[in-house]
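Reader: I would like to learn how to read a model of this kind. Please take one feature at a time.

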2 protein chains.
Amino acid sequence: MKRVTMNDVAVRAGVSISTVSHVINQTRIVEEPTKQKVLESIQALKYRPSIIAKSLASQHTSSAGLLISDVGNPFYDEVISGVEDVALANGYSIFLCNTGYDLNRGMKYIHSLVDRSVDGIIFMSSNMNFDMVNEVHANSIQSVVMDWGGTDVSKIASTITIDFNTGFQEAVEHLVELGHKRIAFAGGPSRLWTVRIRKQAFQDAIADCPTPPEAIFLPEEKISKEGGRVGIEGGYKAFKALARLKPRPTAVITTNDQLALGIMWAARDAGYKLPEDLSIIGLDDIDLASRVTPTLTTIALPRYEIGKLAMNSLLNLIRSPAQLNNNQIVTASLIIRKSTSRVLGK
Amino acid sequence: MKRVTMNDVAVRAGVSISTVSHVINQTRIVEEPTKQKVLESIQALKYRPSIIAKSLASQHTSSAGLLISDVGNPFYDEVISGVEDVALANGYSIFLCNTGYDLNRGMKYIHSLVDRSVDGIIFMSSNMNFDMVNEVHANSIQSVVMDWGGTDVSKIASTITIDFNTGFQEAVEHLVELGHKRIAFAGGPSRLWTVRIRKQAFQDAIADCPTPPEAIFLPEEKISKEGGRVGIEGGYKAFKALARLKPRPTAVITTNDQLALGIMWAARDAGYKLPEDLSIIGLDDIDLASRVTPTLTTIALPRYEIGKLAMNSLLNLIRSPAQLNNNQIVTASLIIRKSTSRVLGK
DNA sequence: TTGAAAGCGCTAACAA
DNA sequence: TTGTTAGCGCTTTCAA
């Protein structure tokens, strides 16, 4: 039981191999009767083209790599789905590369992808560096990078950046409207670009208020663990810090939903009534956010859209490499749920 | 800037192309001086072999497909990591295929993987069918399937099955020791094999007790949504059903952690003190389980190990296809945390 | 111990 | 409109 090749189809249809190729790829006009014979042979022989052979001959593989730092991070779920959906729709297959926040591992993956001659790579790992993008570029492979600080890659890759300003502005306005005068901010260490950009957006939003509320910054280092990641545990710690403040903030805005949930749970454990005693705003809109009680008000990232956008950008780049330097911006915006409420009058 | 090929290396080293191939693959003895020359050329030219060309010539691709139903399901996080870790360590790359609980989509992926000549496929999607496995087998591609009911594929694939008996036995024993006499079971619809197997394990565990506690089955259909999936919302509904029972069960065992968390949160919303008023046991040991308060006692699935096991089995199969019919069993076992406690004496 | 050469299954000039 | 054929970059048999 050998593999059925294009040649088998050609022989059975009584045409040349190149005709077969052309009817399959619709790459030149073939007379209807001839075409039908070919199609019939393909059916009869259950012929399936070898993508490998095709790749070797055509010099592109219809495959792409997706570099992320952690499949376990709820941020990525929908991003992956978005990427996959447009990939599948375009005949592309995705190599998933999970760096696990490890630069060496990331570089290994890059090499593997280059060796496999993928047509493009999407960088969504916060733990990436310029060398990686450059290595990819040096091998004339296209790439799209989620703009997570560090070096400027806009000369050699398309980028996607998230506009947090809108979201934070809406969040602060929302709280101010509810009467909050002291708003805390909880995030990881500012040395991380991902944190800095959010913090800046928060500060700008505060400053933009007609009568700015007081902004209080919870101690960063206590909240985060090694690597700078913050999670639910970070929320517990953030709450402790928050509860200790003398005039207590009446609201808190966080840099991610897990952190917000941690604060929420810690607050409840401490006997707070939510949201009356403390308004909480998250960021990301992970799945859980709408499933806990009270449901979490959060600055939502259109994650599925980001995934689709990234893959579409990559496809554009692959199809017309000239079209570089398109920096796409996606906007984060507030979703109001039940974890925020009017501050209690005294 | 053309690609550096094996031929370039051969020319520079003054040897034949086949010698280069052999030193790279260590597939025949090459005199030390010759070998050094080749190695030096490789370095100097920064030569990297084309996996595509290699695949075409050698008829295997060092790539594999991983079919799962939903990246968003926390069950898969570590499974994926496990698969990836051993894949990476063995020079394999993984095509991630997210069926989204959709059979058609699954079949599309299968075809794509077959066309790409992957060396093997791991089926971890509950939404798979015999046709898929058979299609893969018909193309002489190896596969490992997570034994999620349906048809028997043991003749054409290696399988992994989870032993739930141990876990449920430990769970029931644990509750009995704590004095529980009425234990509820909350799960999705029994028509799903995944649910049935767990339910059976629960019933067996109850029956095995010296003095069996009473087993109460919460209404399945109310708990699950379309497709039979149960999540946090299901937990809320399960709790309502549970709270309505006349002599209230003092403990509940669920078929997954999300369900357990839903019950936990609903119970707290209803003013229960946990775990005193209700002991709750989950299943899976998802990340959240150890991060909520009270931390969740749960029947843990060694998910990372399952991933590693699956990929290792696949590699074995690829290396020696004869070695089929190895059905591996992994055991689920209880992790005791804080969501279970002694039943209050009256 | 090494080299020559015939593929692997397809694409894409170039001819006809 | 169709066919011939030279690769794509590598593996592997067969000879030397």
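Author: The turns below go through symmetry, the chain contact, the DNA surfaces, one helix and one buried residue. This is a predicted model, in which local features need pLDDT of at least 70, side-chain atom pairs count only at pLDDT 80 or more, and totals for chains, interfaces and linings use all residues. Residues are numbered from 1 along each chain as its sequence is written, while chains are lettered from A and ligands numbered from 1 in the order in which they are written.

Reader: What rotation superposes chain B on chain A?

Author: Two copies of a chain are related by a rotation about an axis and a shift along it. Here the rotation is 180° and the shift along the axis is 0.0 Å, with an RMSD of 0.1 Å. The superposition is by least squares on the C-alpha atoms of residues with pLDDT of at least 70 in both copies. The two copies are thus related as by a two-fold rotation axis. In chain B, B:F95 has the C-alpha nearest the axis, 2.3 Å from it.

Reader: How many residues does each chain give to the contact?

Author: Two residues are in contact if their C-beta atoms, placed from the backbone, lie within 7 Å. Chain A gives 35 residues and chain B gives 35 residues. Elements are DSSP runs numbered from the N terminus: helices (H or I) of at least four residues and strands (E) of at least two. On the side of chain B that touches chain A, the elements giving two or more residues are α4 (51-58), α5 (74-89), β2 (93-98), α6 (103-115), α11 (232-243) and α12 (257-269) of chain B. By class, that side has 15 nonpolar, ten polar and ten charged residues. Nonpolar means Ala, Val, Leu, Ile, Met, Phe, Trp, Tyr, Cys and Pro, charged means Asp, Glu, Lys and Arg, and the others, Gly among them, are polar. The same surface serves both copies, as 100% of the contact residues of chain B recur in chain A.

Reader: Which residues are closest to DNA strand C?

Author: A residue is near a strand if its C-beta atom, placed from the backbone, lies within 6 Å of it. DNA strand C is surrounded by 27 residues, the closest being A:M6, A:S18, A:S21, A:A57 and B:S16. The largest share of this surface, five residues, is from α4(A). DNA strand D is surrounded by 29 residues, and the closest are A:S18, B:M6, B:S18, B:A53 and B:A57. For strand D, α2(B) gives the most, with six residues.

Reader: Which residues of α3(A) are buried?

Author: Buried means 20 or more other C-beta atoms within 10 Å of the residue's own, exposed means 12 or fewer, and partly exposed lies in between; C-beta atoms are placed from the backbone. In α3(A), A:K37, A:V38, A:S41 and A:I42 are buried. They cover an arc of only 135° around the axis, which puts them on the same side of α3(A). That arc is taken over the directions from the helix axis to the C-beta atoms. A:E32, A:P33, A:Q43 and A:A44 are exposed on the other side. The buried residues pack against α1 (6-13) and α2 of chain A.

Reader: Why does A:T159 count as buried?

Author: A:T159 is buried because 21 other C-beta atoms lie within 10 Å. A:T159 lies in strand β5 (residues 158-163) of chain A. Leaving aside neighbours within four places in sequence, its contacts are A:V145, A:D147, A:V153, A:S154 and A:N327.
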